[in-house]
Amino acid sequence: MKYTIKQILSGEDELILKYKKLNPDVEHILQFLNNEQEKLNSYDDKTLIRLEPSDILYIESVDGKTFAYTMDKVLRMDYTLYRLEQLLKDIRFFRCSKSMILNIDKVKSLKSLPSNRIDAAMCNGEHILISRTYASDFRKRLKGGAHYA
Amino acid sequence: MHKTKQKLSLWEHYLTKEIGIEFKACLYFFCILFFYCVYKLVCGIHEAEILHMTEMIFLTYFMGYIQVYLLSNFDEAEHLGRKEWIFMLLCTLVYTLFSYLFSWFDRNLAVSLGFLFYVLTMYLCAFMVYKSKRKIDEKLLNADLKAFQERGQHE
């Protein structure tokens, strides 16, 4: 397959893929691009890391800064929680409090607490509290409802 | 839109608390009424005084508000710690004191003492019922979580 790389001095980065018929090579590239687009920019100190959403345990906003917690790292993100809610339009992610988004797939077990609150034990051993305000939507989400609009 | 949603959630929050108090008032009123009726039957009286029942209803509502807003809703607590025991004893004493003042049991000290133990048992039972309810809820929650995660793996 022939390809051309051209550096531009202004304007938006763009990638154009021309093909006559879908073939394994093109499909492979498309799959790579789709996966890449789903990844989120995050920073470990100043190093840019393209973070796979499925690696995130939860995202927390502290003093106006957003952090993504993975099994072994805490990464800073440039997005607001609201923006992340839009980017992660996946039912696997749930806004569990004003300052937190939770990856339901990374929850190990749940505990029902007094006053209709829920304690989520994460697979790294941390515990996250789902407040009463969000608990009923969380229950609906588990049952397959209450998707992001 | 967001503000309306927030207002609605505050309203829902308030309503949930009110329903909780309502439920508590009904539950404890029924328990106290049962003791009162048994006492009356033992005394050979087949009528219950409306005044006493009204006092019971108002008192159980009042105690419901105190429990929820001032005493950390102790009967729904996760564990029975020192604080919960103190609150439980305090409410038991208040109920016993009012039963004496309102002369529900003809100011009979022995019956009042029996009522004190009865109210304490009533609170302990309520605590256990709430705890069992949460255990069942926890089982359902974890089953839903597992099903959700399995659905995700198959997608």
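In what order do the elements of chain A run from the N terminus on? In this model, which is a predicted one, they run α-β-β-β-β-β-α-β-β-β-β-β-α, and the secondary structure of that chain comes to three helices and 10 strands. Chain B, by contrast with those strands, has four helices and zero strands, so to read it from the N terminus is simply to read α-α-α-α.

Let me turn to overall dimensions, taking the chains one after the other. For chain A, the C-alpha atoms fill a box of roughly 65 × 35 × 25 Å along the principal axes, and the radius of gyration is 19 Å, where a compact globule of 149 residues would have a value near 15 Å. For chain B, the C-alpha trace spans about 70 × 35 × 35 Å along its principal axes, and the radius of gyration is 20 Å, against a value near 15 Å for a compact globule of 155 residues.

On burial and contacts, 22% of the 149 residues in chain A are buried, and among its contacts with a separation of 6 or more, 34% are between residues 24 or more positions apart. In chain B, 19% of the 155 residues count as buried, while residues 24 or more positions apart account for 64% of the contacts with a separation of 6 or more.

Now to the cores. As a general remark, nonpolar side chains in soluble globular proteins tend to be buried together. Here the largest nonpolar core holds 27 residues, of which Ile101(A) and Leu102(A) touch the most other members. Among the elements of chain A that each supply at least two residues of this core are strand E3 (58-62), strand E7 (100-103), strand E8 (107-113) and helix H3 (132-142). If we leave aside the neighbours of Ile101(A) within four places in sequence, its contacts include Tyr58(A), Ile59(A), Leu81(A), Leu84(A), Leu88(A), Phe93(A) and Phe94(A), and also the residues Glu85(A) and Arg95(A). A second, separate core has 18 residues, including Ala25(B), Tyr28(B), Leu59(B) and Phe74(B).

Finally, the interface. How many residues of chain B are in contact with chain A? There are 16, and they meet 15 residues of chain A. On the chain B side, the elements that give two or more residues are helix H1 (2-42) and helix H4 (109-154), and the largest share, 10 residues, comes from H4(B). By residue class, this side of chain B divides into four nonpolar, six polar and six charged residues.

Technical notes:
Residues are numbered from 1 along each chain as its sequence is written. Chains are lettered from A and ligands numbered from 1 in the order in which they are written. This is a predicted model: local features need pLDDT of at least 70, side-chain atom pairs count only at pLDDT 80 or more; totals for chains, interfaces and linings use all residues. Two residues are in contact if their C-beta atoms, placed from the backbone, lie within 7 Å. Ala, Val, Leu, Ile, Met, Phe, Trp, Tyr, Cys and Pro count as nonpolar, Asp, Glu, Lys and Arg as charged, and the others, Gly among them, as polar. The radius of gyration is taken over C-alpha atoms; the globule rule is 2.2 Å times the number of residues to the power 0.38. A residue is buried if 20 or more other C-beta atoms lie within 10 Å of its own, exposed if 12 or fewer, and partly exposed in between; C-beta atoms are placed from the backbone. A nonpolar core is a set of buried Ala, Val, Leu, Ile, Met, Phe, Trp, Tyr and Cys residues joined through C-beta atoms within 7 Å.
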